[in-house]
Amino acid sequence: MFIAINGQLGSGKSELCKRLNSEYGFEIFHTGRIQREFAAELGISTLELNERCKQDHHYDKIIDSRLVEYAEKMRGKNIVFDSRMAWHFVKGAFKVHLLVAPDIAADRVFFHRVAEEERYSSKEEAMKNLMERRRLENERYKALYDVSMSDYKNYDLILDTSLLTVKEELELIVGASEKYSVTHEFQGFYSAPTSLYPTECLLKNPLGAVSAVKKGESLYAVGGYRKLLEAARRGARILPIDYLGAEGEKLPDGNFVDFVAQTTGELVSEFEEAAGLRYGYIPE
């Protein structure tokens, strides 16, 4: 089985891949491996290769072609692809996209990363830098391939890792991948309650499943108030949601209401008090 994992910076994909290797026997494919091999062939460092990629997309195309060649050679084996774009290039892969709240991503990077480019003077600096890097990555791959990494409809499973342990993430991903291997159907969207911001529309739609729309990189709950409130009150770290679409897309009813304009600081504070939670990050 092929599992292609990508995700927002700080979402923990590298650790997940390591555990899929150590606990489930998946071989790990890193795009970095191809980059190092290619750089060696050119007689340059990987840093120099990265700079060339920024200036000449021809190098990206070569790296991508080698990814495809590797996948075809290894077809039939258990491989997890730790790669930004494997979901796009590797046919038949179970495509997983990881989310994480900006404040939690900053915590993880600020306190646990040792790479020079991931050292920051404060959590606030880390959060600002990570969000900017995320934006630039999305723009780069959109320009290169005319696809969006942040378009959730590209994936078979979307998982918010903000409040989960790695063990919980593994169990959910492995279970979903096994179901996908049989059904080849979408395996769900799971969000932390603290990653869903309230709207007036949410308050007017108390019944049914929790549903959400996206503006920027943030999710706004627009239905299922009771279930969201109950999940938050009992301390649930994850819950399934119905994802309706992003700003600029047509929703099932054919209209995109600007739900986000109905979100105010007062509404957020009232929901925090009612649900017994605190948002670590509030979108502007």
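**Entry 1: the cavity**

I began with enclosed space and noted about 100 Å³ in the largest cavity; the model I am reading is a predicted one. When I looked up how many cavities of 30 Å³ or more the structure holds, the count came to 1. I then listed the lining of the largest cavity, which is made by Gly7, Gln8, Leu9, Arg84, His97, Arg134, Glu137, Asn138, Met149, Ser150 and Glu217. I wanted to know which element gives the largest share of this lining, and I found that helix 7 does, with 3 residues. Sorted by class, the lining of the largest cavity has 5 polar, 4 charged and 2 nonpolar residues.

**Entry 2: the second largest pocket**

I turned next to the second largest pocket and wrote down a volume of about 420 Å³. I counted 29 residues in its lining, and those that lie nearest the centre of the pocket are Pro102, Tyr197, Glu217, Ser218 and Tyr281. Glu217 thus appears in my notes for this pocket as well as in the lining of the largest cavity. I looked up which elements give two or more residues to the lining of the second largest pocket, and these are helix 6 (102–112), helix 7 (123–145) and strand 9 (218–223). By class, I recorded 15 nonpolar, 7 polar and 7 charged residues for the lining of this pocket.

**Entry 3: helix 2 and helix 4**

For the helix pairs I noted two values each, as two packed helices are described by the angle between their axes and the distance between the axes. Helix 2 (residues 31–42) packs with helix 4 (residues 58–74) at about 120°, and I have their axes 10 Å apart. Angles of 65 to 115 degrees would count as roughly perpendicular, and I therefore entered helix 2 and helix 4 as oblique to each other. The crossing in which helix 2 passes helix 4 is right-handed. On the helix 2 side I listed Thr31, Arg33, Ile34, Gln35, Phe38, Glu41 and Leu42 in the contact, and on the helix 4 side Tyr59, Ile62, Ile63, Arg66, Leu67 and Tyr70. The classes in this contact of helix 2 with helix 4 are 8 nonpolar, 3 charged and 2 polar residues.

**Entry 4: helix 3 and helix 4**

I stayed with helix 4 and looked up its packing with helix 3 (residues 46–55), where the angle is about 115° and the axes are 6 Å apart. I accordingly put helix 3 down as roughly perpendicular to helix 4. Leu49, Arg52 and Cys53 of helix 3 make the contact with Tyr59, Asp60 and Ile63 of helix 4. I found 4 nonpolar and 2 charged residues in the contact of helix 3 with helix 4, and no polar ones.

**Entry 5: helix 1 and helix 8**

Last, I checked helix 1 (residues 13–24) against helix 8 (residues 166–183), and their axes come within 10 Å and cross at roughly 70°. That makes helix 1 roughly perpendicular to helix 8 in my notes. From helix 1, I wrote down Glu15, Leu16, Arg19, Leu20, Glu23 and Tyr24, which meet Val166, Lys167, Glu169, Leu170, Ile173 and Val174 in helix 8. This contact of helix 1 with helix 8 divides into 7 nonpolar and 5 charged residues, with no polar ones.

Terms used:
Residues are numbered from 1 along each chain as its sequence is written. This is a predicted model: local features need pLDDT of at least 70, side-chain atom pairs count only at pLDDT 80 or more; totals for chains, interfaces and linings use all residues. Side-chain values use heavy atoms; hydrogens and water are left out. On a 1 Å grid over the protein atoms alone, a cavity is a set of points where a 1.4 Å probe fits but cannot get out, and a pocket is an open set with protein on both sides within 12 Å along at least five of seven lines; lining residues have an atom within 4 Å of a point. Grid points are joined across faces, edges and corners, and a volume is the space filled by probe spheres set on the points. Helices (H or I, at least four residues) and strands (E, at least two) are DSSP runs, numbered from the N terminus. Ala, Val, Leu, Ile, Met, Phe, Trp, Tyr, Cys and Pro count as nonpolar, Asp, Glu, Lys and Arg as charged, and the others, Gly among them, as polar. Axes are lines fitted to C-alpha atoms, for helices over the stretch in contact, and angles run from 0 to 180 degrees between N-to-C directions. Angles under 35 degrees count as roughly parallel, over 145 as roughly antiparallel, 65 to 115 as roughly perpendicular and the rest as oblique. A crossing is left-handed if the near helix is turned anticlockwise from the far one by less than a right angle, and right-handed if clockwise. Contact means heavy atoms within 4.5 Å.
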